[in-house]
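Subject: Structure handover and what turned up in it

Hi,

Here is the structure I promised to pass on to you. Have a look at it first, and then read on for my notes.

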Amino acid sequence: EDYYQKLAYDALADLIASGRPVVVALPGGIVRDEATYNLALSRFTTVWLRADAEDYFNRVLEQGDHRPMAGRQDAPAELKELLRLREPLYAQSEMEVNTSNLDITDVVYEIVDQLSE
């Protein structure tokens, strides 16, 4: 895991060094790596794409990815707990958009609206 955290940090540092404007989708677990998360918070405009736990769970399954929850007795409850623990870290983002009742176009418009405030 340390190796992958270093790769994530280096990838973000490379993007910063390139000077190009970019949109980066970070995995939810990025908040566990303090150095990388702090780099993202300090050098990027960060947006927490918030959703209800059930929506996160269903989206992962709809994408065909069953790995995070495979073999788990009560995966939805575990996900709720994980989100509860991470919420204070996610809340450090500059912006927050609740995506539970929005399609992707509406999410984009909401981000653009918040950026122009």
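Let me start with a question: which residues form a nonpolar patch on the surface, and what accessible area do they have together? The patch consists of Tyr3, Tyr4 and Leu7, and their combined accessible area is about 380 Å². Leu7 sits in helix α1 and is partly exposed, because its relative accessible area is 37%. Both Tyr3 and Tyr4 are exposed. Please keep in mind throughout that this is a predicted model.

Now the overall layout. The protein has 5 helices and 2 strands, and from the N terminus the order of elements is α-α-β-α-α-β-α. Its C-alpha trace spans about 45 × 35 × 25 Å along the principal axes. Of the 117 residues, 25% are buried. About 8400 Å² is exposed, with carbon and sulfur atoms supplying 52% of that area. If you take the contacts between residues at least 6 apart in sequence, 66% of them join residues at least 24 apart.

On to the interior. In soluble globular proteins, nonpolar side chains tend to be buried together. Here the largest nonpolar core has 11 residues: Ile30, Val31, Tyr37, Leu41, Trp48, Ala53, Phe57, Ala75, Leu79, Leu83 and Tyr90. Helices α2, α3 (53-62) and α4 each give two or more residues to this core, and α4 gives the most, with 4 residues. There is also a second, separate core of 5 residues, among them Leu12, Ile16, Ala40 and Phe44.

Helix α2 (residues 34-43) is worth a look of its own. Its residues Thr36, Tyr37, Leu39, Ala40 and Leu41 are buried, and the buried residues of α2 pack against α1 (2-18) and α4 (75-90). Val31, a member of the largest core, touches Tyr37, Arg86, Leu89 and Tyr90, leaving out residues up to four places away in sequence.

You may like the aromatic rings too. A pair of aromatic rings is described by the distance of the centres and the angle of the planes. The count comes to 2 aromatic pairs. In the pair of Tyr3 and Tyr4, the ring centres are 5.7 Å apart and the planes are at 70°, so the pair is edge-to-face. These are the exposed tyrosines Tyr3 and Tyr4 from the surface patch. The other pair, Trp48 and Tyr90, is tilted, at 5.6 Å centre to centre and 45° between the planes. This pair links distant parts of the chain: Trp48 belongs to strand β1 (residues 47-50) and Tyr90 to helix α4, 42 residues apart.

Are those two rings buried or exposed? Trp48 counts as buried because its relative accessibility is 8%, and Tyr90 counts as buried because its value is 11%. Both residues also appear in the list for the largest core.

One last spot is Leu102, in the loop between β2 (95-98) and α5 (104-115). Leu102 is partly exposed, since its relative accessible area is 32%. Setting aside neighbours within four places in sequence, Leu102 is in contact with Val97 and Val107. Leu102 and Ala51 are 51 residues apart in sequence, and their C-alpha atoms are 9.7 Å apart in space.

Happy to talk it through whenever suits you.

Best wishes

Definitions and conventions. Residues are numbered from 1 along each chain as its sequence is written. This is a predicted model: local features need pLDDT of at least 70, side-chain atom pairs count only at pLDDT 80 or more; totals for chains, interfaces and linings use all residues. Side-chain values use heavy atoms; hydrogens and water are left out. Buried means under 20% relative accessible area, exposed over 50%, partly exposed in between (1.4 Å probe, protein chains only). Contact means heavy atoms within 4.5 Å. A nonpolar core is a set of buried Ala, Val, Leu, Ile, Met, Phe, Trp, Tyr and Cys residues joined through side-chain atoms within 4.5 Å. Patches are made of residues with over 30% relative accessible area and no salt bridge: like charges are joined within 9 Å, nonpolar side chains (Val, Leu, Ile, Met, Phe, Trp, Tyr) within 5 Å. Accessible areas come from the Shrake-Rupley method with a 1.4 Å probe; for residues, only the protein chains shown count as cover. A salt bridge is a side-chain nitrogen of Lys or Arg within 4 Å of a carboxyl oxygen of Asp or Glu. Rings of Phe, Tyr and Trp (its six-membered ring) pair if their centres lie within 6.5 Å; planes under 30 degrees apart count as stacked, over 60 as edge-to-face and the rest as tilted.
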